[in-house]
Amino acid sequence: MYRGLKKLELTIMRRSLDYWGAFDLSKEFDFIVRQGERNDLFAVTPEARHYVIGREPEPVLAGLHMGTLGKKSLALSMEGAFLVAQASDKKKVKVTGQAESLVVYGRDVFGSSITWADESIRQNDPVIIANKYGEAIGIGRARFDYAGLFQDRVTVSTEADIGLYIRG
């Protein structure tokens, strides 16, 4: 069942978008939730929102899947990460072309492959892994603070990547 966001969900979404430096996205789009075993968040147009909410049978998908709303945060999907990466560089690392190929196949990121990183990254922070153009190619977790990200060993663990769409 699709529905609008509850007040607490709206707060969680806005806080999460602010974490990624993309708070303005909360003003640009309408958001709806598909309630089920998990609460999937979708960015939609006002027309799509009107069409989707309360329809029987309900559509399988509506709008852009931003991620899953938890009790305290929004876990970005790759589509959501791509949208957020276009809006902000916060909590993002950019990697070389060779590392980009490896990330797409689910490999972790070596510090020597990182060409740029946001200085606000702390150990264990979720980060967006981006190519040299700043486009999201994966979602990972920093193993070190900003100062340790450039070491010659694995410094970002890949948790999701766009290879899913390529590998089929």
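This report describes a sheet, an annotated region and several salt bridges in a predicted model.

## The open sheet

In this predicted model, 6 strands come together as an open sheet, and their order across it is E7-E11-E10-E9-E6-E8, with mixed pairing. At the edges of this sheet lie strand E7, which covers residues 109-110, and strand E8, which covers residues 114-117, and each of these edge strands pairs on one side only.

Within the sheet, strand E6 (residues 92-95) pairs with strand E9 (residues 126-130) in the parallel sense, and the pairing runs over 3 bridges. One residue pair can be picked out here, since Lys94 has Ala130 in E9 as its bridge partner.

## The annotated region

An unreviewed UniProt entry places the feature "domain: PUA" at residues 91-163. Over residues 91-163 the chain of the model is 41% strand and 12% helix, and the C-alpha atoms at the two ends of this stretch are 21 Å apart.

## A salt bridge between two strands

Arg141 and Glu159 form a salt bridge in which the closest N and O atoms are 3.0 Å apart. Because Arg141 lies in strand E10 (residues 136-142) while Glu159 lies in strand E11 (residues 154-161), the pair ties together parts of the chain that are 18 residues apart in sequence. Arg141 has a relative accessible area of 28% and is therefore partly exposed, and Glu159, at 48% relative accessibility, also counts as partly exposed.

## Other salt bridges

The count of salt bridges in the model comes to 8. Salt bridges that share partners also join three residues, Arg34, Arg38 and Asp40, into one network.

Which residue does Glu9 meet in a salt bridge? The side chain of Glu9 meets that of Arg3, with a distance of 2.8 Å from N to O, and both Glu9 and Arg3 are buried.

A further salt bridge brings together the side chains of Lys27 and Asp24, with a distance of 3.8 Å from N to O, which falls within the 4 Å cut-off used for a salt bridge. Is Lys27 buried or exposed? Lys27 counts as exposed because its relative accessibility is 62%, and the cut-off for exposed residues is over 50%. Its partner Asp24 has a relative accessibility of 47%, so Asp24 counts as partly exposed.

Methods
Residues numbered from 1 in each chain as written. Predicted model: local features only at pLDDT ≥ 70, side-chain atom pairs only at ≥ 80, totals over all residues. Heavy atoms only, no water. Pairing = 2+ DSSP bridges. Helix = DSSP H or I, 4+ residues; strand = E, 2+ residues; numbered from the N terminus. UniProt positions renumbered as here; feature names shortened; annotations may be inferred. Buried < 20%, exposed > 50% of the residue type's maximum accessible area, 1.4 Å probe, protein only.
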